[in-house]
Amino acid sequence: MILVTVGTSHYDPLIEEMDRLVGEGIVSDTVVAQIGRGHYQPRNMRFFRFISSLNKAYQHADLIISTGGAGTTMECVRQGRPLIVIENKTLMEGHQAQLIGEMSRRGHLIACKSLAELPECISEARKRKFTKFVGDECRIHKLILQLLK
């Protein structure tokens, strides 16, 4: 199952493209889309707008496609979930690009540059082993102790 998620926002171009790929049989997997506040309603895949947590959906998905929101990205890479991110460039000056680029460089996700490349990115994700993200050890308490000495 492929889960497509736009988080708390919307990104109709991604939902429309996935719906087209499913409708034309280019993607034969079961696809479920979380469409947020989007206007487009898919005809070829199941969808919902919001749920309180996507964690169960992440666990059931073989592949997750998201728009690069920090919350979804970090939840997926910390769980080592196969993740394709296509940046939603309609939001706030492309603020997602740095996170997506760095996570892609480290092998935590596939950065899909355009909707036209989505089928190739899905195919690549099927073959790739994703690197689980492990954060740095929290050191703030040590820094505070050093300052107090």
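**Exercise 1. Decide whether isoleucine 35 is buried or exposed, and describe its surroundings.**

Step 1. Isoleucine 35 has a relative accessibility of 0%, so isoleucine 35 counts as buried. Buried stands for under 20% relative accessible area, exposed for over 50%, and partly exposed for values in between (1.4 Å probe, protein chains only).

A note on the basis of these exercises: the model is predicted, local features need pLDDT of at least 70, side-chain atom pairs count only at pLDDT 80 or more, and totals for chains, interfaces and linings use all residues. Residues are numbered from 1 along each chain as its sequence is written, and side-chain values use heavy atoms, with hydrogens and water left out.

Step 2. Isoleucine 35 sits in the loop between S2 and strand S3 (46-48). Helices (H or I, at least four residues) and strands (E, at least two) are DSSP runs, numbered from the N terminus.

Step 3. Not counting residues up to four places away in sequence, isoleucine 35 touches Val6, Ser9, His10, Ile15, Tyr40, Pro42, Phe47, Phe48 and Arg49. Contact here means heavy atoms within 4.5 Å.

Step 4. Phenylalanine 50 is 15 residues from isoleucine 35 along the chain, and their C-alpha atoms are separated by 7.6 Å.

**Exercise 2. Find the element that holds phenylalanine 47, and list its contacts.**

Step 1. Phenylalanine 47 belongs to strand S3.

Step 2. Its relative accessibility is 32%, so phenylalanine 47 counts as partly exposed.

Step 3. With neighbours within four places in sequence left aside, phenylalanine 47 is in contact with Ala33, Ile35, Gln41 and Pro42.

Step 4. Between phenylalanine 47 and valine 31 there are 8.5 Å in space, C-alpha to C-alpha, and the two are 16 residues apart in sequence.

**Exercise 3. Describe the place of isoleucine 122 and state how far cysteine 138 lies from it in space.**

Step 1. Helix H5 contains isoleucine 122.

Step 2. The relative accessible area of isoleucine 122 is 6%, so this residue is buried.

Step 3. Setting aside neighbours within four places in sequence, the contacts of isoleucine 122 are Ile2, Met18, Val27, Leu63, Ile65 and Ile84.

Step 4. Isoleucine 122 and cysteine 138 are 16 residues apart in sequence, and their C-alpha atoms are 35 Å apart in space.

**Exercise 4. Count the salt bridges and examine some of them.**

Step 1. Side chains of opposite charge can pair when their charged atoms come close. A salt bridge is a side-chain nitrogen of Lys or Arg within 4 Å of a carboxyl oxygen of Asp or Glu.

Step 2. Searching the whole structure gives seven salt bridges.

Step 3. One of them joins arginine 126 and aspartate 29 at 2.5 Å, N to O. This pair links distant parts of the chain, 97 residues apart: arginine 126 is in helix H5 (residues 118-127), and aspartate 29 is in the loop between helix H1 (12-23) and strand S2 (31-34). Arginine 126 is partly exposed at 41% relative accessibility, and aspartate 29 is partly exposed with a relative accessible area of 25%.

Step 4. Glutamate 102 and arginine 106 form a salt bridge at 2.8 Å, N to O. Glutamate 102 is partly exposed at 30% relative accessibility, as is arginine 106 with a relative accessible area of 43%.

Step 5. Arginine 128 and glutamate 124 meet at 2.6 Å, N to O, in a salt bridge. Glu17, Arg20 and Glu24 are joined into one network by salt bridges that share partners.

**Exercise 5. Describe the chain as a whole: its elements, its box and its burial.**

Step 1. The chain has six helices and six strands. From the N terminus, the order is β-α-β-β-α-β-α-β-α-β-α-α.

Step 2. Taken along the principal axes, the C-alpha atoms fill a box of roughly 65 × 30 × 30 Å.

Step 3. Of the 149 residues, 44% count as buried.

Step 4. Consider contacts between residues at least 6 apart in sequence: 57% of these join residues at least 24 apart.

**Exercise 6. Identify the residues of the nonpolar surface patch.**

Step 1. Patches are made of residues with over 30% relative accessible area and no salt bridge; like charges are joined within 9 Å, and nonpolar side chains (Val, Leu, Ile, Met, Phe, Trp, Tyr) within 5 Å.

Step 2. Ile140, Leu143, Ile144, Leu145 and Leu148 make a nonpolar surface patch of about 490 Å². Accessible areas come from the Shrake-Rupley method with a 1.4 Å probe, and for residues only the protein chains shown count as cover.

Step 3. Isoleucine 140 lies in helix H6 (residues 140-148).
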